Amino acid sequence: MARSIWSGYITFGLVSVPVGLYSATEEHELDFHQFQRGTSDRIRYKRVNERTGREVAFDKIVKGHDLGNGKYVVVEPAELDDIAPGKSRSLEIDTFVDLDEIDPIHFQKSYYLGPKEGDNASSYGLLRDALAKTNRAGIAKFVMRGKEYLAAIRAQDKVLVLETMYFADEIRDPVAELESLPARSRAGKQLTMAADLVEAMSGEWKPSAYKDTYTDRVKKLVETKRKGKEVVYSEEEPEATTPTDLVSALRASVEAARKSRASRTTKKKAAPRKKAPAKTSAKKKAS
């Protein structure tokens, strides 16, 4: 069984629920080491004093905040530990909000919250079921590994999920970041056709239908090169649709999407149904 990476208490009102925090996701990717081209020599990174060129032990390193003009404020690790916010093991819910009101841009990483003590599993289940019934998320702050996090606690089937979140001032203003953004589309033929295309391409959200094809290609590349062969992928990049071609492109896309949906619907209807097993009599005939 997985070990919790943090443990503490969810508190709301006068209720405290002991919980453990567990990773909810994992990334699947191939690990690569670095080598000097043409050799089998590994590339290693060292902490080096840029003035002397000598390697520095980890316990001899301090942090410094750049003030500009070559000036720094040096901070010791112990000083950072001393001012760490809320060293208590508490996930104190400040308020409950409608889950649908949270813009997904605030979500950072997902974790499972599991009941830590069997005797208190009922209080865990009560909070989970209340959140599910009201479609609410509990907003809380907590400290993990020397950093304070904003978090949303929500219900998902049988488990409580904690989403670490970005603080409001960590989210960049798109208007300030991007050079130009187009004005809102006016209600017209193009907008109507674009909406029709969205509807024609709409379907159910099925996470299992999506696979990491890039990682599969990397694995294939590694295996092919291991065999001494070479693999080449060639894909043409799409060209931007010009304004003059937009209407015709939308019209053709809508027609193609509708045909594709109709084809899928026909196949579903034509699929043979499995016959139910024949019922057998519970009583045996007398011989």
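# A tour of the predicted chain

Begin by selecting Asn135, which is partly exposed, with a relative accessible area of 30%. In this predicted model, Asn135 sits in the loop that links helix 2 (121–134) to strand 7 (136–144). Check the backbone there as well, since the phi of Asn135 is near 55 degrees, a positive value in a residue other than glycine. For context, most residues other than glycine have a negative phi.

Move next to Asp157, where phi is again positive, near 55 degrees, in a residue other than glycine. Asp157 belongs to the loop between strand 8 and strand 9 (159–165). Is Asp157 buried or exposed? With a relative accessibility of 71%, Asp157 counts as exposed, because the cut-off for that class is over 50%.

From that loop, step back into strand 8 (residues 147–156) and select Tyr149, which is found in this strand. Tyr149 has a relative accessibility of 17% and therefore counts as buried, the limit being under 20%. To see what surrounds the residue, display the contacts of Tyr149 beyond its neighbours within four places in sequence: these are Gln108, Ala140, Lys141, Phe142, Met144, Thr164 and Phe167. One of these partners, Thr164, is worth a distance label, since the C-alpha atoms of Tyr149 and Thr164 are separated by 6.3 Å although the two residues are 15 apart along the chain.

Now turn to the beginning of the chain and colour strand 1 (residues 6–12) and strand 2 (residues 15–23), which pair in the antiparallel sense over 7 bridges. Within this pair, Gly8 stands opposite Val19 of strand 2. The two strands form a hairpin with 2 residues between them, and Gly13, in the turn, has a positive phi of about 65 degrees.

Which strand should be added beside strand 2? Select strand 6 (residues 107–115), which pairs with strand 2 in the antiparallel sense over 5 bridges. A useful pair to display here is Tyr22 and Tyr112, since Tyr22 stands opposite Tyr112 in strand 6. While looking along these elements, recall that in a regular strand the side chains alternate between the two faces of the sheet.

For a stop in a helix, select Thr215, found in helix 5 (residues 213–226). Thr215 is buried, with a relative accessible area of 8%. Which residues does Thr215 touch, leaving out those up to four places away in sequence? They are His28, Glu29 and Leu30.

Finally, zoom out to the whole protein chain, which has 6 helices and 9 strands. The radius of gyration is 29 Å, well over the 19 Å that the globule rule gives for 287 residues, so the chain is more spread out than a compact globule. Along its principal axes, the C-alpha trace spans about 85 × 65 × 60 Å.

With a surface display switched on, the accessible surface of the protein chain comes to about 24600 Å², of which 51% belongs to carbon and sulfur atoms. Of the 287 residues, 18% count as buried. Among contacts between residues at least 6 apart in sequence, 60% join residues at least 24 apart. Colouring by charge brings up 51 positive and 43 negative side chains, and the centres of these two sets lie 12 Å apart.

Methods
Residues are numbered from 1 along each chain as its sequence is written. This is a predicted model: local features need pLDDT of at least 70, side-chain atom pairs count only at pLDDT 80 or more; totals for chains, interfaces and linings use all residues. Side-chain values use heavy atoms; hydrogens and water are left out. Helices (H or I, at least four residues) and strands (E, at least two) are DSSP runs, numbered from the N terminus. The radius of gyration is taken over C-alpha atoms; the globule rule is 2.2 Å times the number of residues to the power 0.38. Buried means under 20% relative accessible area, exposed over 50%, partly exposed in between (1.4 Å probe, protein chains only). Contact means heavy atoms within 4.5 Å. Accessible areas come from the Shrake-Rupley method with a 1.4 Å probe; for residues, only the protein chains shown count as cover. Lys and Arg count as positive and Asp and Glu as negative; His and the chain ends are not counted. The place of a charge is taken as NZ of Lys, CZ of Arg, CG of Asp or CD of Glu. Two strands pair if DSSP finds at least two bridges between them.
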